[in-house]
Amino acid sequence: MDYLPIPYERFKKDFPEIEKAYEKLANLCHATGPLDERMRRLIKLAIAIGSGSQGAIKSHTRRAIAMGIPTEEIQHVALLSLTTIGFPGMIAAMTYIHEAFEEGPTKHFSGD
């Protein structure tokens with residue numbers, strides 16, 4: 001695990017037992033069900049876009065890049081949000097995605 005956002009590092013330091021439980025829950029959620037890792041990653045990006053969370057959008061974009069998911073597919077996920085969250089939300093998501101492209105892929109904890 002090469003990179004964790006500073007707020008997550010702080011959370012992990014302040015509440016180590018909760019962080020361990022959270023990571024275990026995330027791993028269980030990913031392991032339960034028929035979706036493969038690639039599909040789960042794109043869905044998690046879509047959920048992040050729907051929530052409007054800049055940090056989550058960038059994090060899930062970086063994870064998708066690290067998995068080798070093509071740029072066009074990542075952008076398509078954001079484009080699909082247009083008719084659900086509206087133009088401003090979609091443009092914001094695209095902006096965060098492009099920022100993540102510029103920052104490059106990073107490795108994250110194995111959970112979510």
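## Working through an all-helix chain

Residues 24 or more positions apart make up 67% of the chain's contacts (heavy atoms within 4.5 Å) that have a separation of 6 or more. Before we start: this is a predicted model, where local features need pLDDT of at least 70, side-chain atom pairs count only at pLDDT 80 or more, and totals for chains, interfaces and linings use all residues. Residues are numbered from 1 along each chain as its sequence is written, and side-chain values use heavy atoms, with hydrogens and water left out.

**Exercise 1.** Work out the secondary structure of the chain and how much of it is buried.

*Solution.* Start with the elements: there are seven helices and zero strands, where helices are DSSP runs of H or I with at least four residues, strands are E runs of at least two, and numbering goes from the N terminus. Next, burial: 31% of the 112 residues count as buried, meaning under 20% relative accessible area, with exposed being over 50% and partly exposed in between (1.4 Å probe, protein chains only).

**Exercise 2.** Describe how α1 and α2 pack.

*Solution.* First, the geometry: α1 (residues 6-14) and α2 (residues 16-31) meet at an angle of about 115°, and their axes are 5 Å apart. Axes here are lines fitted to C-alpha atoms over the stretch in contact, and angles run from 0 to 180 degrees between N-to-C directions. Second, the residues: Tyr8, Phe11, Lys12, Lys13 and Asp14 of α1 touch Pro16, Ile18, Glu19 and Tyr22 of α2.

**Exercise 3.** Find which residues of α5 are buried and which are exposed.

*Solution.* Look along α5 (residues 71-80): Ile74, Val77 and Ala78 are the buried ones. They sit on the same side of the helix because they cover an arc of only 95° around the axis, taken from the directions from the helix axis to the C-beta atoms. Flip to the other side of α5 and you find Glu72 and Leu80 exposed. Now ask what covers the buried residues: the cover includes α3 (37-51), α4 (54-67), α6 (82-85) and α7 (87-103).

**Exercise 4.** Trace the largest nonpolar core.

*Solution.* A nonpolar core is a set of buried Ala, Val, Leu, Ile, Met, Phe, Trp, Tyr and Cys residues joined through side-chain atoms within 4.5 Å. This one has 15 residues, and Leu45, Ile49, Ile57, Ile74, Ala78 and Ile97 touch the most other members. α3, α4, α5 and α7 each give two or more residues to this core, with the largest share, five residues, coming from α7. Zoom in on Ala78: setting aside neighbours within four places in sequence, Ala78 is in contact with Ile49, Met90, Ala93, Met94 and Ile97.

**Exercise 5.** Place Gln75 and list what Gln75 touches.

*Solution.* Gln75 lies in helix α5. Gln75 counts as partly exposed because its relative accessibility is 23%. Not counting residues up to four places away in sequence, Gln75 touches Met94, His98 and Phe101.
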